[in-house]
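Thanks for making time this morning. I would like to walk you through one model, beginning with a single residue and working outwards to the domains.

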Amino acid sequence: MNPKLSAYLETGISIKGSRFVAIELIRMLDNADVSMQDVGMCISKDQALLVKVLRLANSSFFGVSGRVGTVQEAMTVLGMQTIRKMAISLGMVGAFSESTDLKAFWKHCLQTALNADYLATMLDFPKEVCYVAGLFCDIGLLFMYEKNPDLLKAALHWEVEEAELLAHEREILGFDHAELGEAMSIHWHLPDCISYSIANHHSEDAWSAGPISAIVYCADRLTHAMLAGKPFSVETILPASMLAFLRLDEAQWQELVNKQAVFAQQAAFLS
Ligand SMILES: [Fe+2]
């Protein structure tokens, strides 16, 4: 590992409380035998998170107002994947300060997660893992924020080109947020596909690391374009090699673009 990166990581990013529960839930994604009971028990380890999950499950957002009193009931009504994604999102988003910078940061992450989830559904890839991989692709920026808040401020100026941002980080720190995020994911023992997608989320060759990495790249590109007010046309945003790999056509892309306003509302609601 890059020695500057390992020295930076040594101080560690704390994973206690709801952040710890979120990480545990992500580790479970690798295990097809996990039951609703396992997920419910994990969420129940953190009472504050449990209350947030039940509040959201009962909100008008899901249209089951007041019908669920326990996490098991919530999973029966809304499905285990929905509740697990909700707990992971709330566990990570709620575990940090309320600063405006972080609100904008999480809005971006949630929008990318929703884009990845939708793309995975359209293209028939595992959508829950794509959602989480999208949510986590910029996790390295979060760690940088705890140590170098100005770097996150630079990243949140969406008009800054991604390549420019990565070069700026490498100049200051000796590594970029994709490398740092990958190292954090490995350190937390998250599934390999999530580590790969974090490492490749700004690489035009992300498809070579598999479909989940390719989907997260596309999802993140669209979120950047949307927040920067840039054109959404598929050929201006995605390289031809990515489109060919995913077999993503223009009609599917347009369908995703048409969802952006709804996803922006959902991301604002959750952040
Ligand atoms: Fe990024």
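Let me begin with serine 197, which is buried, with 34 other C-beta atoms within 10 Å; by buried I mean that 20 or more other C-beta atoms lie within 10 Å of a residue's own, whereas 12 or fewer makes it exposed and anything in between partly exposed, with C-beta atoms placed from the backbone. Before going on, I should say that this is a predicted model, in which local features need pLDDT of at least 70 and side-chain atom pairs count only at pLDDT 80 or more, while totals for chains, interfaces and linings use all residues. Residues are numbered from 1 along each chain as its sequence is written.

Serine 197 sits in helix 13, residues 192–199, where helices are DSSP runs of H or I with at least four residues, strands are runs of E with at least two, and both are numbered from the N terminus. Leaving aside neighbours within four places in sequence, serine 197 is in contact with Ala133, Cys137, Ile212, Ser213 and Val216, contact meaning that the two C-beta atoms, placed from the backbone, lie within 7 Å. Isoleucine 215 is 18 residues away from serine 197 along the chain, and their C-alpha atoms are separated by 8.6 Å.

Ala133 and Ile215 bring us to the largest nonpolar core, which has 78 residues, and they are among those that touch the most other members, together with Val53, Ala87, Ala116, Cys130 and Val132. Such a core is a set of buried Ala, Val, Leu, Ile, Met, Phe, Trp, Tyr and Cys residues joined through C-beta atoms within 7 Å. Helix 7, residues 100–123, gives the most to this core, with 10 residues, and the core draws at least three residues from each of domain 1 (14–95) and domain 2 (98–271), bounds that come from an automatic or database domain assignment.

How, then, do the two domains meet? The C-alpha centres of domain 1 and domain 2 lie 23 Å apart, and 13 residues of domain 1 are in contact with 15 residues of domain 2. On the domain 1 side, the largest share, six residues, comes from helix 6.

Helix 6 has 11 of its 14 residues buried, so it is largely enclosed by the rest of the structure; the buried ones include Arg84 and Lys85 as well as Ala87.
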